[in-house]
Amino acid sequence: MAVRIDPIVLSIALVALATVLAVTALFLVVLLRRQLRLAPRPAPDDRGTADRLMAVERRLADLADQVREVRDALDRTVQHVGMVRYDAFQDLGGQMSFSLALLDRRRTGVVVSVLNGRDGSRGYAKAVVGGRPTLPLSEEEAEAVARALGTPSV
């Protein structure tokens, strides 16, 4: 015994079911949009990230300043050294006397000479500016400066 359903009734039932499903889908879409609108969104320019980035930039600027200070200080440190040992007096051997040139990156510094003899020692210092002495140099002092600068002696 088979149950017969009238096709018009079946069509009306299917249209009703389709309408209920469409209304339900529409309701869910509206509900989803409302939830998305209420959900917190990340700011286009996250303030925490911007603050951290600015802190890093400040630190880099500080480090750049410190590097400049170190470079400036390094320019004034002894970087060129030349020494010549010799016998300052004929009656004393062993090359106990010396001239020592101490120059910075700008080729500025001092030549120190210490002359040792039997009756004592004497010390002298002469300034060098830009690779040139401010006072006349002895042969040994000129040789010390030349060695410090890596140039042939005069």
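**A helix under cover and a helix in the open**

Strands S1 (80-86), S2, S3 and S4 (120-129) are among the elements that cover the buried residues of helix H3. The model is a predicted one. Helix H3 spans residues 139-149. Which of its residues are buried? They are Glu141, Ala144, Val145, Ala146 and Ala148. An acidic residue, Glu141, is therefore on the buried list, where the cut-off is under 20% relative accessible area, along with three alanines and a valine. Just past the end of H3 comes Gly150, whose phi is positive, at about 70°.

Now step back to the whole chain. The protein holds three helices and five strands. Read from the N terminus, the order is α-α-β-β-β-β-β-α. Two helices come before the strands, and one helix follows them.

How far does the chain spread? The C-alpha trace covers about 145 × 35 × 25 Å along its principal axes. The radius of gyration is 46 Å, whereas a compact globule of 154 residues would have one near 15 Å. Buried residues account for 16% of the 154 residues. The accessible surface is about 12,200 Å². Carbon and sulfur atoms supply 62% of that surface. Among contacts with a separation of 6 or more, 39% join residues that are 24 or more positions apart.

Charge comes next. There are 21 positive side chains and 18 negative ones. The centres of these two sets are 12 Å apart.

Turn to the N-terminal side. Helix H1 takes in residues 7-38, 32 residues in total. From first C-alpha to last, H1 reaches 47 Å. The expected span is 46 Å at 1.5 Å a residue, so the two values are close. How many residues of H1 are buried? The count is zero, and H1 is hardly covered. Helix H3, by contrast, has the five buried residues named above.

Ser121 gives a sense of the distances involved. This serine sits in strand S4. Its C-alpha is 92 Å from that of Leu36, a residue 85 places away along the chain. Is Ser121 buried or exposed? It counts as exposed, because its relative accessibility is 52% and the cut-off for exposed is over 50%. Neighbours within four places in sequence aside, Ser121 is in contact with Leu115 and Asn116.

Those two residues lead on to Phe89. Phe89 belongs to the loop between S1 and S2. What does Phe89 touch, beyond residues up to four places away in sequence? Its partners are Leu115, Asn116, Gly117 and Arg122. Leu115 is 26 residues from Phe89 in sequence, yet their C-alpha atoms are 8.3 Å apart. With these contacts, Phe89 still counts as partly exposed, because its relative accessibility is 26%.

One loop residue remains. Arg107 lies between strand S2 (97-103) and strand S3 (109-117). What marks its backbone? Arg107 has a positive phi of about 65°, although it is not a glycine. Most residues other than glycine have a negative phi. Arg107 is partly exposed, at a relative accessible area of 37%.

Definitions and conventions:
Residues are numbered from 1 along each chain as its sequence is written. This is a predicted model: local features need pLDDT of at least 70, side-chain atom pairs count only at pLDDT 80 or more; totals for chains, interfaces and linings use all residues. Side-chain values use heavy atoms; hydrogens and water are left out. Helices (H or I, at least four residues) and strands (E, at least two) are DSSP runs, numbered from the N terminus. Buried means under 20% relative accessible area, exposed over 50%, partly exposed in between (1.4 Å probe, protein chains only). The radius of gyration is taken over C-alpha atoms; the globule rule is 2.2 Å times the number of residues to the power 0.38. Contact means heavy atoms within 4.5 Å. Accessible areas come from the Shrake-Rupley method with a 1.4 Å probe; for residues, only the protein chains shown count as cover. Lys and Arg count as positive and Asp and Glu as negative; His and the chain ends are not counted. The place of a charge is taken as NZ of Lys, CZ of Arg, CG of Asp or CD of Glu.
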